[in-house]
Structures are given as C-alpha cells and as structure tokens.
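Visitor: I am new to this structure. Please take me through one part of it closely, the second largest pocket, and then show me what else is worth a look.

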Amino acid sequence: MKRSNLLLAAAVLLVFSCKNAAKEASTEAGTKKDTTAAVQASPAMDSATMMKNWQVYMAPGDMHKMMASWNGTWTATVTMWMTPSAPPTTSTSTSVNKMALGGRYQVSSFTGTFNGMPFEGMSTMGYDNTKKVFMSSWVDNMGTGMVNMEGPWDAATQTIDLKGKMLDPSTGKEIAAHQTFHVKDPNTQTMMMYAPGPDGKEFKTMEIVFTRKK
C-alpha cells in the first residue's frame, strides 16, 4: 500500500477518534438523579502512533515466515469418528499450500474422496500481528457454511490451538469447534478436530497426518 494511502486512512481514523463525546451518567426512574459529571473520552491517539501501529499490523513477520515454510504439496491421511464409540473411517487427500497477498496468508486447497464422493475443501490461515493469534477459515463442497477459528501459537509444543463455532447440519444449531495443529518436523504435521459428543463432552472427531511430498 502506498504511503499516501496510509496517511489518508490514518487521518480518517484520527477524525473519528476526535469525535468521541462525553457520556452523561443517569439512574433508573424513581431513584435520585446522579449529579456526577459526564465522563470524558480518552485523549485521541496521535497520528504518528496510529501510523506506526498500522505498519506493524500489516507487515508479515516471523509467524508468516513460518507459515511460508509449510508451502508445497502434502499427502493427508484422514481418520474420522462419527461418534466416540463408532469405528473410524480412513481416507487419503492431497493438500497444496501457497502464500497469498504478499506473504500475509496461506491458502490451502484439499482434494480427495469422502464416503466414495469427490471432496474439495479450502482453508485460509493468517496471523494477526495485533491480536497475537492465528486465524483460520474453512469451506468445502460438503456444505454451504464457513468455519472460523482463532487461537495462539505455543512455541514449546509447536502447536496452534484454535477454537470457534461450527454448524451441526443435523440440528441446525451452532456447536463449539476445537482444532489443534501440531508441527512435528519440517515434513510432518498433525491436525486434530474435536466437537461435543452426545453427552456434551468433547471428543476427537478427526485426525489428519500431513506428510510433505518430495
């Protein structure tokens, strides 16, 4: 983005910050009126600080470089459980990872089969420099919704712990979604997916072992 555009946007943000009005305190009807002075808004952030924060927010960093190291084609061995007591089903898919938008996001395309039917899926992974969390979205040809999750990176375990919401098509209700992504080594990764079982307790619904193709 050109510097002039950044300055313009920062100026717009500054104008909005300056328009914060004082809030007048009030009490419920029938009680004594509160005579406390209106609360003053916080001082507006200066444009130089706003510009610096924006530049930090938009610049790819170490987490984005780590994602870029996952680029390439991977074989995905998929194991799924429909219920905690059900026997698992297994299948094999292919995942192709590419960085997009100047190295800020990783887009992954999945192809394979599910229950004998062609399967296609796509995920977008990013790291928010300000929130300090990874963010992930998922879509596929087995539904019409989107799954969005976010969570931190644990350097000690080399794991991203993502949480969010997903739709259960059988009930039409949202349920908790939980996913862990573990980097075992440069050529091996493991993804675990969890969801509430019939008793409401979380159980593992999916395990994918990714092996980099050479």
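Guide: The most generous contributor to the lining of the second largest pocket is β4, which gives five residues. This is a predicted model, in which local features need pLDDT of at least 70 and side-chain atom pairs count only at pLDDT 80 or more, while totals for chains, interfaces and linings use all residues. Residues are numbered from 1 along each chain as its sequence is written, and side-chain values use heavy atoms, with hydrogens and water left out.

A pocket here is an open set of points on a 1 Å grid over the protein atoms alone, where a 1.4 Å probe fits, with protein on both sides within 12 Å along at least five of seven lines; lining residues have an atom within 4 Å of a point. The second largest pocket holds about 270 Å³ of space, a volume being the space filled by probe spheres set on the points, which are joined across faces, edges and corners. It is lined by 15 residues, and Tyr57, Arg104, Tyr105, Tyr127 and Asp128 are the closest to its centre. At least two lining residues come from each of α2 (47-58), β4 (117-128) and β5 (133-140); helices (H or I, at least four residues) and strands (E, at least two) are DSSP runs, numbered from the N terminus. By type, the lining has eight nonpolar, five polar and two charged residues. Nonpolar covers Ala, Val, Leu, Ile, Met, Phe, Trp, Tyr, Cys and Pro, charged covers Asp, Glu, Lys and Arg, and the others, Gly among them, are polar.

The loop between β4 and β5 contains Lys132, whose phi is near 65°, a positive value in a residue other than glycine.

Strand β5 also takes part in an aromatic pair. The whole structure has six such pairs, counted when ring centres of Phe, Tyr and Trp (its six-membered ring) lie within 6.5 Å, with planes under 30 degrees apart stacked, over 60 edge-to-face and the rest tilted. Phe110 and Trp138 are edge-to-face because their ring centres are 5.0 Å apart and their planes stand at 70°. Phe110 is in strand β3 (residues 105-114) and Trp138 in β5, so the pair ties together parts 28 residues apart in sequence. Phe110 is buried, at 12% relative accessibility, whereas Trp138 is partly exposed, at 24%; buried means under 20% relative accessible area, exposed over 50%, and partly exposed in between (1.4 Å probe, protein chains only). Both belong to one aromatic cluster with Phe119 and Phe210.
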